[in-house]
Each structure stands twice: as structure tokens, then as C-alpha cells.
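Here are my comments on the model you sent, set out as numbered points to be read alongside the sequence and the coordinates.

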Amino acid sequence: MACEYCNIVNGEGKGVVLYEDDRAIIAARDTVLTPGQITVFPKIHAPIIELISEDLLGHCAVLANAVSVVLFERLGSKGTNILV
């Protein structure tokens, strides 16, 4: 079975890429836990979090914070949840 996140990285997945850099992607995916969910994930395939370097995890956390700020400022969001 193909990895849903790797498919998005390869341009084959279902979802809208909102931001991308050389290390991570921010996407609005089809399959979500809650309406309005935005997913931040690394471009490397990592089925468990222990396989992601601390530096890359930090980078993803910075991106999650940045997208939270945009949701507050542009969409008037009243709150965000960051789930790992």
C-alpha cells in the first residue's frame, strides 16, 4: 500500500499543497480528522517519528506555528490544535 504522504510529495496524492520547501510540505488533505485540518509533514518517508531528525522536527514545528498565525490573522480562527 502506498504512503498517503509520499504520494502528496510526489504530486500523486489527494490534497492541496499550501506551502512547500526543500524539507517539508503543508497541505490540506482529503482525509482529515476534523474540518479545516491542515497537515504539516516532512518530505522524507518516516513511518514513525523517531526516524525524523530533531532539526527536521523543529522545522515542521516552526511551519505549524506559522500556519497557525495565518489562520488567526487571515481567517479569524479562534484557536488551533497541533497534534503529533
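1. Helices, of at least four residues, and strands, of at least two, are taken here as DSSP runs and numbered from the N terminus. On that basis the chain, which is a predicted model, holds two helices and three strands, and read from the N terminus these elements follow the order α-β-β-β-α. The radius of gyration of the chain is 13 Å, close to the 12 Å that the globule rule gives for 84 residues, so the chain is as compact as a globular protein of that length.

2. On overall dimensions, a box of roughly 35 × 30 × 20 Å, taken along the principal axes, is filled by the C-alpha atoms of the chain.

3. The strand pairing deserves a look in the viewer: β1, covering residues 15-20, and β2, covering residues 24-29, run antiparallel and are joined by five bridges. Three residues lie between β1 and β2, and the two strands form a hairpin, in which E20 stands opposite I25 of β2.

4. As to burial and contacts, 23% of the 84 residues in the chain are buried, where buried means under 20% relative accessible area. Of the contacts between residues at least 6 apart in sequence, 28% join residues at least 24 apart.

5. Turning to the surface, the chain exposes about 6100 Å², of which carbon and sulfur atoms supply 57%. The chain carries 6 positive and 10 negative charges, and the mean positions of these two sets are 9 Å apart.

Notes: Residues numbered from 1 in each chain as written. Predicted model: local features only at pLDDT ≥ 70, side-chain atom pairs only at ≥ 80, totals over all residues. Heavy atoms only, no water. Rg over C-alpha atoms; globule rule 2.2 N^0.38 Å. Buried < 20%, exposed > 50% of the residue type's maximum accessible area, 1.4 Å probe, protein only. Contact = heavy atoms within 4.5 Å. Areas by Shrake-Rupley, 256 points an atom, 1.4 Å probe, with all protein chains shown as cover. Lys, Arg positive; Asp, Glu negative; His and termini not counted. Charge placed at Lys NZ, Arg CZ, Asp CG, Glu CD. Pairing = 2+ DSSP bridges.
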